[in-house]
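Colleague: I am new to this one, and I would love a short tour. Could you show it to me?

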Amino acid sequence: MKSNPPGSPRGPAARRPKLSNVIAEDLLHWIARDRLHPGDRLPNEKTLMEHYQCAKGTVREALRTLEVQGLVKMQTGPNGGAVIQPVPIDAVTQQLRTFLHFEELSFEQVYELRHSLEVTLALSVAGRLNGAQLVRLEANIEECAEAMARDDRPAVRRAELAFHDILCDSCPNPLLTFMCRFINGLLRDLVEYRSERLEEHNAFGRSNIESHRKLVAAFRNKDTAAVSRVMADHIHEAETFMSRLDAAFRSNMLGG
């Protein structure tokens, strides 16, 4: 029986990656290394063919891979080619939600992260919110109150989470922004409740509105201690309520 030569893979022969995938990966590194921004262009097909010593079809397949990922948009015409696009956060988080659909993710695990992240988020924007952003937060609270008045529970829940998205808009830390928006996206998937007790939902809505108003007041006063305390209490109350309702967390994880 022949033994494998030193350094060779054991088991089935290792598959070489497709050249188009290798090129797509290299272009991703290129974009990051050169700090390209939305609106910037990649080299044209001929230049890429010469650089990678490959056929036109291979280059086009690599560019299609980046286009599917939402990173570039292919434009036709004399000045056509691959143009860098801003990657929408929904496109990124959808893949992560798909991954988590096959994991045993509990509601409590989500809030383990949300407790610290939302307090950190609130502190990161304290003192940074301008008048227009504070007005947006106040308008969001009124939107939530109006949805409660007409017993539109899904609209209430969406508005409550949108309040936190508004805070993300002012966050100076892009990684923190992404993580908070991702968790908000997970929570938006909680569209199905096993409890139909309207008084519990209304009590939760009133509690959220009160907490959001306290937060806006603390932001206006630039009181970081109050911001931290109110946000921590707010997230704790949200977790307690959602756990009591026994939300069907994974039922709609793949919904966008």
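What follows is a conversation about confidence, helix packing, loops and cores.

Modeller: Happy to help! This is a predicted model, in which local features need pLDDT of at least 70 and side-chain atom pairs count only at pLDDT 80 or more, while totals for chains, interfaces and linings use all residues. Residues are numbered from 1 along each chain as its sequence is written, and side-chain values use heavy atoms, leaving out hydrogens and water.

Colleague: In which helix is confidence highest?

Modeller: Confidence here is pLDDT, the predictor's own score for each residue from 0 to 100. The protein has a mean pLDDT of 83, with 85% of its residues at 70 or more. Among helices (DSSP runs of H or I, at least four residues, numbered from the N terminus), H4 (residues 89-101) is lowest with a mean of 73. The highest, at 95, is helix H6 (residues 131-149).

Colleague: How many contacts beyond four places in sequence does the model have for residues 1-12?

Modeller: A contact means heavy atoms within 4.5 Å. Over residues 1-12 pLDDT stays under 50. For that stretch, the contacts beyond four places in sequence number 3.

Colleague: How are helices H2 and H3 oriented where they pack?

Modeller: Axes are lines fitted to C-alpha atoms, for helices over the stretch in contact, and angles run from 0 to 180 degrees between N-to-C directions. H2 (residues 45-52) and H3 (residues 56-68) pack with axes 9 Å apart, at an angle of about 110°. Angles of 65 to 115 degrees count as roughly perpendicular, so H2 relative to H3 is roughly perpendicular.

Colleague: Is Gln-53 buried or exposed?

Modeller: Gln-53 lies in the loop between H2 and H3, and its phi is near 55°, a positive value in a residue other than glycine. Buried means under 20% relative accessible area, exposed over 50%, and partly exposed in between, with a 1.4 Å probe and protein chains only. Because its relative accessibility is 68%, Gln-53 counts as exposed.

Colleague: Which residues have the most contacts inside the largest nonpolar core?

Modeller: A nonpolar core is a set of buried Ala, Val, Leu, Ile, Met, Phe, Trp, Tyr and Cys residues joined through side-chain atoms within 4.5 Å. The largest has 47 residues, and the helices each supplying at least two of them include H6 and H9. The residues with the most contacts inside this core are Leu-137, Leu-167 and Phe-219.

Note on methods. Helix = DSSP H or I, 4+ residues; strand = E, 2+ residues; numbered from the N terminus. Parallel < 35°, antiparallel > 145°, perpendicular 65-115°, else oblique.
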